[in-house]
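Biologist: I have a new model on my screen and would like to go through it with you before I plan anything. Could you bring it up so that we look at it together?

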Amino acid sequence: MKFVQIIDFETERLDEMEQLLEQAARRLASRPGGPSQRMLLKDRDNPRRYLALIEFDSYEEAMRNSEDPETSRMAEHLAALCIGERVYTNCDLVDERELA
């Protein structure tokens with residue numbers, strides 16, 4: 001079953017975060033088990049607030065990815081660019097479909 005982690009965070013340094021994520025994506029492109037998709041949402045009512053939706057093929061893949069030292073280092077760098085604490089929500093993907 002696919003797994004999605006939602007990360008709710010605030011930042012005024014999104015450009016720097018995007019650079020870190022691009023660098024990580026290039027380094028990890030050939031590694032199996034990483035995220036399969038990423039979506040970033042911006043809160044219209046709070047311009048500093050974002051929601052990142054990170055999809056994995058399974059919960060187990062996500063946990064293996066979380067335990068990787070490279071992922072931990074990247075998370076620390078991203079955390080330094082955030083305002084306050086991040087909130088993580090872990091979800092099993094029950095249904096996904098195109099609506100048009």
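Modeller: Here it is, and we can start from Cys91, which is partly exposed, with a relative accessible area of 25% (buried is under 20% relative accessible area, exposed over 50%, and partly exposed lies in between, with a 1.4 Å probe and protein chains only). Please keep in mind that this is a predicted model, in which local features need pLDDT of at least 70 and side-chain atom pairs count only at pLDDT 80 or more, while totals for chains, interfaces and linings use all residues. Residues are numbered from 1 along each chain as its sequence is written, and side-chain values use heavy atoms, leaving out hydrogens and water.

Biologist: And Cys82, buried or exposed?

Modeller: Cys82 is buried, at a relative accessible area of 14%.

Biologist: How many disulfides are there, then?

Modeller: Searching the whole structure gives zero disulfides, a disulfide being a pair of cysteine sulfur atoms within 2.5 Å.

Biologist: Why is Cys82 not bonded to Cys91?

Modeller: Because the closest cysteine sulfur to that of Cys82, the one in Cys91, is 19 Å away, which is too far for a bond. Seen from the other end, Cys91 is in no disulfide either, and its nearest cysteine sulfur is that of Cys82.

Biologist: Changing topic, what is the strand order in the sheet?

Modeller: The order is E2-E3-E1-E4, in an open sheet of four strands with antiparallel pairing; strands are DSSP runs (E, at least two residues), as helices are (H or I, at least four), numbered from the N terminus, and two strands pair if DSSP finds at least two bridges between them. Strand E2 (37-42) and strand E4 (83-92) are the edge strands, each pairing on one side only. On average, and with direction ignored, neighbouring strands of this sheet are turned by 15 degrees against each other, where the axes are lines fitted to C-alpha atoms, for helices over the stretch in contact, and angles run from 0 to 180 degrees between N-to-C directions.

Biologist: How many bridges are there between E2 and E3?

Modeller: Six bridges, in the antiparallel sense, pair E2 with strand E3 (residues 49-56), and a hairpin of six residues joins E2 to E3. Within that pairing, Met39 stands opposite Leu53 in E3, and Leu41 stands opposite Leu51 in E3. Leu51 is also the bridge partner of Asp8, and strand E1 (residues 3-10) is joined to E3 by eight bridges, the two running antiparallel.

Biologist: How many aromatic pairs does the structure hold?

Modeller: It holds three aromatic pairs; rings of Phe, Tyr and Trp (its six-membered ring) pair if their centres lie within 6.5 Å, with planes under 30 degrees apart called stacked, over 60 edge-to-face and the rest tilted. One of them is Phe3 with Tyr59, which is edge-to-face, at 5.2 Å centre to centre and 80 degrees between the planes. That pair links distant parts of the chain, since Phe3 is in strand E1 and Tyr59 in helix H2 (residues 59-67), 56 residues apart. Phe3 is buried at 2% relative accessible area, whereas Tyr59 is partly exposed at 40%.

Biologist: What about Phe9 and Tyr50?

Modeller: Phe9 and Tyr50 form a stacked pair, with 5.7 Å centre to centre and 20 degrees between the planes. Phe9 in strand E1 and Tyr50 in strand E3 are 41 residues apart, so this pair also links distant parts of the chain. Both of these residues, Phe9 and Tyr50, are buried.

Biologist: Which residues make up the aromatic cluster?

Modeller: Phe3, Phe56 and Tyr59 form one aromatic cluster.

Biologist: Next, where does Thr11 lie, and what does its side chain reach?

Modeller: Thr11 lies in the loop between E1 and helix H1 (14-28), and it counts as buried, at 2% relative accessibility. Its side chain reaches the backbone oxygen of Leu81 at 2.6 Å. Beyond neighbours within four places in sequence, Thr11 is in contact (heavy atoms within 4.5 Å) with residues including Met17, Arg48, Tyr50 and Cys82.

Biologist: Last one, which residues does Leu21 touch?

Modeller: Leu21, in helix H1, touches Arg38, Met74 and Leu78, not counting residues up to four places away in sequence. Leu21 and Leu78 are 57 residues apart in sequence but 8.7 Å apart in space, C-alpha to C-alpha, and Leu21 is partly exposed, with a relative accessible area of 23%.

Terms used
A polar contact is a pair of N or O atoms within 3.5 Å; within protein, one must be able to donate a hydrogen and the other to accept it, and residues adjacent in sequence count only if both atoms are side-chain atoms.
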